[in-house]
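This report describes a protein structure shown below. It takes up the packing of the interior, the aromatic residues, one helix and some points of backbone geometry.

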Amino acid sequence: MSLIAILDISHPDLALTPTIRDCPAASIEVVPHSTTDPETGLFFYLVEGADDTFEDVLERDHTVADWMLIDDHGSTRVYRLQHTEDAVLISPMATELGGLLLKAETNDRGWTNRLHLPDREALAALWERCEETDISFELHRMFRQDEWTSETVPELTDEQRVALVRAHEEGYFEEPRETSLEELAERLDISPTAVGGRIRRGTGQLVETTLLEE
């Protein structure tokens with residue numbers, strides 16, 4: 001049995017942090033399995049929503065030693081990057097502890113990571129290493145996984161997850177319904193429209209990732 005941890009990390013020298021800060025409209029994601037060759041030090045990133053200034057920002061990014069545009073589909077691009085020696089990376093730390101970086105995507109301050117780790121001790125050791133290097137470490141969720149699987153785990157936002165769980169607990173999905181959007185909105189301290197949107201989008205994401213076949 002292994003452990004899946006979802007956490008946020010941030011640090012001024014964390015990979016691409018200056019670019020994340022100066023290009024808030026761009027969404028950056030690590031291309032999976034692109035860092036398996038330790039000799040090259042090359043990383044691949046999928047970038048969506050980058051504007052004309054994105055590559056100028058990459059040039060000024062002190063965590064980037066070299067970059068190359070690999071593929072360009074307009075709003076979606078793939079870059080190959082080599083980081084500087086001073087750049088802070090979480091994936092080598094996880095690898096040394098027997099872990100694997102399953103997914104990494106940018107947020108407004110740094111990176112949100114999904115890690116596959118051997119156990120809680122490995123997670124605690126990773127937290128300690130982040131503390132030692134002044135990396136901000138915020139754990140959102142962790143759960144056990146009985147066996148290795150490549151199946152997609154539904155990617156709900158925290159807000160969607162809370163709205164769906166509360167709706168289930170309050171009987172919103174019962175027939176007849178035991179609560180209304182207005183009552184859920186009051187309990188969650190948001191508008192009925194926002195509650196309905198979170199339930200609708202969250203349900204759509206669950207259906208897409210658990211019921212539909214490619």
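## Contacts of L16

In this predicted model, L16 touches I28, Y45, L58, D61, T63, V64, L81, H83 and W111, not counting its neighbours within four places in sequence. L16 belongs to the loop between strand 1 and helix 1 (17-22). Its relative accessible area is 2%; because buried means under 20%, L16 counts as buried. The backbone of L16 has a positive phi, near 65 degrees, in a residue other than glycine.

## Nonpolar cores

L16 is also among the residues with the most contacts inside the largest nonpolar core, together with I9, I28, Y45, F54 and W111. This core has 37 residues. At least two of its residues come from each of strand 1 (2-10), strand 2 (27-30), strand 3 (42-48), helix 2 (54-60), strand 5 (76-83), helix 3 (91-96), strand 7 (111-117) and helix 4 (120-132).

Another core, of nine residues, lies apart from the largest one; L164, A167, L184 and V195 are among its members.

## Aromatic cluster

The structure contains four aromatic pairs. One of them joins F54 and Y79 in a tilted arrangement, with the centres 5.5 Å apart and 45 degrees between the planes. This pair connects distant parts of the chain, since F54 is in helix 2 and Y79 is in strand 5, 25 residues apart. F54 is buried at a relative accessible area of 2%, and Y79 counts as buried at 1%.

Y79 also pairs with W67, here edge-to-face, at 5.8 Å centre to centre and 65 degrees between the planes. W67 lies in strand 4 (residues 64-72), twelve residues from Y79 in strand 5, and this pair too links distant parts of the chain. W67 has a relative accessibility of 22% and therefore counts as partly exposed, as the cut-off for buried is under 20%. Through these ring pairs, F54, W67 and Y79 form a cluster.

## Helix 5 and the loop after it

Helix 5 (residues 158-169) has twelve residues, which at 1.5 Å a residue should span 16 Å; the C-alpha atoms at its ends are 16 Å apart, in agreement. Its buried residues are Q160, A163, L164 and A167. These residues lie on the same side of helix 5, because they cover an arc of only 95 degrees around the axis. In general, an α-helix has 3.6 residues a turn, so residues three or four places apart point the same way. Of the buried residues, L164 and A167 also belong to the core of nine residues.

After helix 5 comes G171, with a positive phi near 85 degrees. The loop between helix 5 and helix 6 (181-188) contains P176. The peptide bond from E175 to P176 is cis, with omega near 0 degrees.

## Helix 7 and the preceding loop

D189 is in the loop between helix 6 and helix 7. It has a positive phi, near 60 degrees, in a residue other than glycine. With a relative accessible area of 71%, D189 is exposed.

Helix 7 contains L206, which is partly exposed at a relative accessible area of 31%. L206 and L156 are separated by 50 residues in sequence and by 7.9 Å between their C-alpha atoms.

## Confidence

The mean pLDDT of the protein is 86, and 87% of the residues score at least 70. Among the elements, helix 2 has the highest mean, 96, and helix 7 (residues 192-210) the lowest, 83. Where pLDDT is low, predicted coordinates should not be read in detail.

Conventions. Residues numbered from 1 in each chain as written. Predicted model: local features only at pLDDT ≥ 70, side-chain atom pairs only at ≥ 80, totals over all residues. Heavy atoms only, no water. Core = buried A, V, L, I, M, F, W, Y, C linked by side-chain atoms within 4.5 Å. Buried < 20%, exposed > 50% of the residue type's maximum accessible area, 1.4 Å probe, protein only. Helix = DSSP H or I, 4+ residues; strand = E, 2+ residues; numbered from the N terminus. Contact = heavy atoms within 4.5 Å. pLDDT = per-residue confidence, 0-100. Expected span 1.5 Å × (residues − 1). Arc of directions from axis to C-beta. Phe/Tyr/Trp six-rings, centres within 6.5 Å; stacked < 30°, edge-to-face > 60°.
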